[in-house]
Each structure stands twice: as structure tokens, then as C-alpha cells.
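Hi,

Here is the structure I said I would pass on. Have a look at it first, and my notes on the side-chain contacts follow below.

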Amino acid sequence: MDATREAVPPGAPGRPPAELALGARRQILRFARDQQVHLGSSLSVVDLLVAVLRESGGLAADRADPDRPRLVLSKGHAVWALYAVLAEHGLLDPERPGPWAGHPTDGLPGVDAATGALGHGLSIGAGLAEAARLRGSDRRTYVVLGDGELNEGSVWEAVMFAAHRRLDRLVALVDVNGMQQEGATADLLDLRPLDEKWRAFGWRVLPVDGHDHPALRAALSEAAEPTGRPTVLLAHTVKGKGVPFMEHSAHWHTGTLDQAQFAAALAALGTDGTGNDD
């Protein structure tokens with residue numbers, strides 16, 4: 001057996017978030033060894049998903065509970081990060097037979113809405129938050145978007161609706177990695193300054209390093225304080241985070257890894273495939 005085709009480590013509640021994120025990035029590479037996946041954006045958003053899962057106490061703990069937190073992965077092409085994070089929490093078996101869907105599908109733990117076409121997740125999340133408000137529920141709704149996705153006009157319609165309804169239990173997390181499939185977001189449609197735009201629409205804006213786990217936890221805790229306004233975390237990240245030859249590269253927006261690339265990527269994450277990694 002190839003030394004790099006090691007077994008996936010079991011989930012372990014209580015593990016430090018940085019350890020969970022590292023395990024998730026390794027799992028994303030395993031997915032990419034076996035099939036084409038969206039690599040760059042999955043590697044950039046891992047830490048955000050780890051933070052949301054920990055802050056929410058486990059989104060999938062009791063799906064029958066109407067007051068449980070909700071998650072909408074609006075940048076659905078990064079579902080590989082969600083698969084990997086769920087696996088690290090013991091909520092999904094990454095060894096189950098494929099094929100794996102390239103976008104979130106109904107019935108998956110941690111998935112409250114099937115997504116794929118960009119620009120719709122925040123509208124779904126706003127609807128979930130409005131429904132909770134109308135029934136007097138304190139449940140929180142998290143929506144994870146990409147910065148390239150903000151090119152979609154429907155996002156800004158949802159931004160206006162959420163502010164108008166004062167949905168202060170709605171939290172948007174924007175994965176600001178500065179890249180999209182065709183290149184740099186600033187070159188394709190420059191939306192800077194993002195913080196001023198969201199603030200102008202009535203949102204509380206919390207800029208944060210999207211790879212800094214203590215900072216993410218502090219921002220999500222602050223977002224939980226009701227202010228009468230929805231909150232957006234502008235999480236600054238690196239596309240392809242952790243693998244230098246993928247970082248800041250549109251080339252690795254999607255891809256499949258051959259064995260040499262897989263081994264090199266694992267090594268970049270601090271593992272050499274000798275058995276000390278997992």
C-alpha cells in the first residue's frame with residue numbers, strides 16, 4: 001500500500017480548531033487525489049467552517065430540533081471543505097462509496113439547503129432567519145459566501161432585506177480570498193471597499209483574519225450579541241491556503257492531483273506520508 005494512502009483519522013470532539021482545520025485540509029487533498037474538486041476555495045474556507053461548527057455546538061446534533069442553528073454554504077462549490085470538516089468532527093464518513101456530489105445536497109449532515117448556483121444562499125439564510133424571528137426562536141443562521149459571489153445582484157437584494165427586517169441572528173461570513181475562477185476579483189469586478197458597502201446597507205461589519213481561530217471565535221461571539229442589525233464577517237483568507245504551489249492561483253480553482261502532486265501537497269501541510277501525519 002502506498003504510504004500516502006493512509007487511513008483517515010477518526011473524529012475527536014475537543015480537538016483544537018487548528019488541528020481540525022489541518023486534518024480537513026489533508027482530507028480535501030485526498031478528495032482531489034480521487035476526483036476533480038474545487039481545491040483553492042475549499043482550502044481557503046476551511047477555518048471558517050471549523051469556527052461555525054464549534055460556535056454552533058455542532059450544527060447536525062439534532063436535526064429535528066427547530067431551534068438548532070442553521071448553515072447555508074452559499075459558495076456550494078467549496079462543499080469539499082464542508083465534507084472534510086464534518087469528517088473531522090465524526091459527522092461524516094469520508095470512506096463511504098462515491099461518487100461525491102460536487103455541491104451540497106439535501107440530507108447531508110450540516111446541510112440545510114442544497115446550493116450550487118451562486119448568489120442565492122443569503123436569500124435562503126435571510127428566509128430562515130425571518131422565519132425564526134416570526135416564531136420567536138433565538139436560533140442563529142450562518143451563511144458562508146465567496147467574495148467573487150458578491151458580483152451577483154441577488155446577494156445585495158438579500159443584504160437589503162435582512163437589514164430592513166433587522167435580522168440580528170443572521171450571520172454572513174464572506175471568504176475574502178481575492179480570487180475567483182477567472183482571476184483576481186478586483187480585476188473582474190472591483191467591489192472595494194467591501195466594509196463600507198455592507199455598512200452602508202445597514203449591517204454590522206467585523207473584519208477578521210479568516211485563518212486565525214481565536215480571532216474567528218471572538219468575531220462569532222461578538223456577532224451573537226443582538227444589535228438589531230445582521231452581521232457580516234469579512235474573513236480575509238488565502239486561496240489554496242496551506243499548499244504554496246496552490247496559493248493565490250486561479251489555476252488551482254479546480255483540479256485533480258496526481259500522486260506526485262498529492263505527496264507534495266501533503267508535505268507542504270507538514271506531513272511527509274511516513275505515518276507521523278495522521
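Before the contacts, one definition: a salt bridge here is a side-chain nitrogen of Lys or Arg within 4 Å of a carboxyl oxygen of Asp or Glu. Please keep in mind that this is a predicted model.

With that cut-off, Arg 169 and Asp 138 make a salt bridge, at 3.6 Å from N to O. Arg 169 is in the loop between helix H5 (153-164) and strand E3 (170-176), while Asp 138 is in the loop between H4 and E2, so this pair ties together parts 31 residues apart in sequence. Arg 169 is partly exposed at 25% relative accessibility, and Asp 138 is exposed at 56%.

The structure has 11 salt bridges, and a couple of others caught my eye. Arg 135 pairs with Asp 67 at 2.9 Å, N to O. That one also links distant parts of the chain, 68 residues apart: Arg 135 sits in the loop between helix H4 (121-134) and strand E2 (141-146), and Asp 67 in the loop between helix H2 (39-55) and strand E1 (70-73). Both ends are partly exposed, with Arg 135 at 45% and Asp 67 at 39%.

Then there is Glu 19 with Arg 15, at 2.7 Å from N to O. Arg 15 is buried, with a relative accessibility of 12%, whereas Glu 19 is partly exposed at 39%. These two belong to a salt-bridge network that takes in Glu 88 as well.

On to the rings. Searching the whole structure turns up nine aromatic pairs. One of them is Trp 156 with Phe 201, a tilted pair with centres 5.4 Å apart and 35° between the planes. Here too distant parts of the chain are linked: Trp 156 is in helix H5 and Phe 201 in the loop between helix H7 (194-200) and strand E6 (204-209), 45 residues apart. Trp 156 is buried at 12%, and Phe 201 is partly exposed at 31%.

Phe 245 and Trp 252 are edge-to-face, because their planes stand at 65°, with the ring centres 5.7 Å apart. Trp 252 is the buried partner at 9%, and Phe 245 is partly exposed at 36%.

Two last things to look at: Phe 31, Trp 80, Tyr 83 and Trp 100 are joined into a cluster by ring pairs, and the charged end of Arg 33 sits over the ring of Phe 262, 4.7 Å from its centre.

Cheers

Notes:
Residues are numbered from 1 along each chain as its sequence is written. This is a predicted model: local features need pLDDT of at least 70, side-chain atom pairs count only at pLDDT 80 or more; totals for chains, interfaces and linings use all residues. Side-chain values use heavy atoms; hydrogens and water are left out. Buried means under 20% relative accessible area, exposed over 50%, partly exposed in between (1.4 Å probe, protein chains only). Helices (H or I, at least four residues) and strands (E, at least two) are DSSP runs, numbered from the N terminus. Rings of Phe, Tyr and Trp (its six-membered ring) pair if their centres lie within 6.5 Å; planes under 30 degrees apart count as stacked, over 60 as edge-to-face and the rest as tilted. A charge sits over a ring if NZ of Lys or CZ of Arg is within 6 Å of the ring centre and within 35 degrees of the ring normal.
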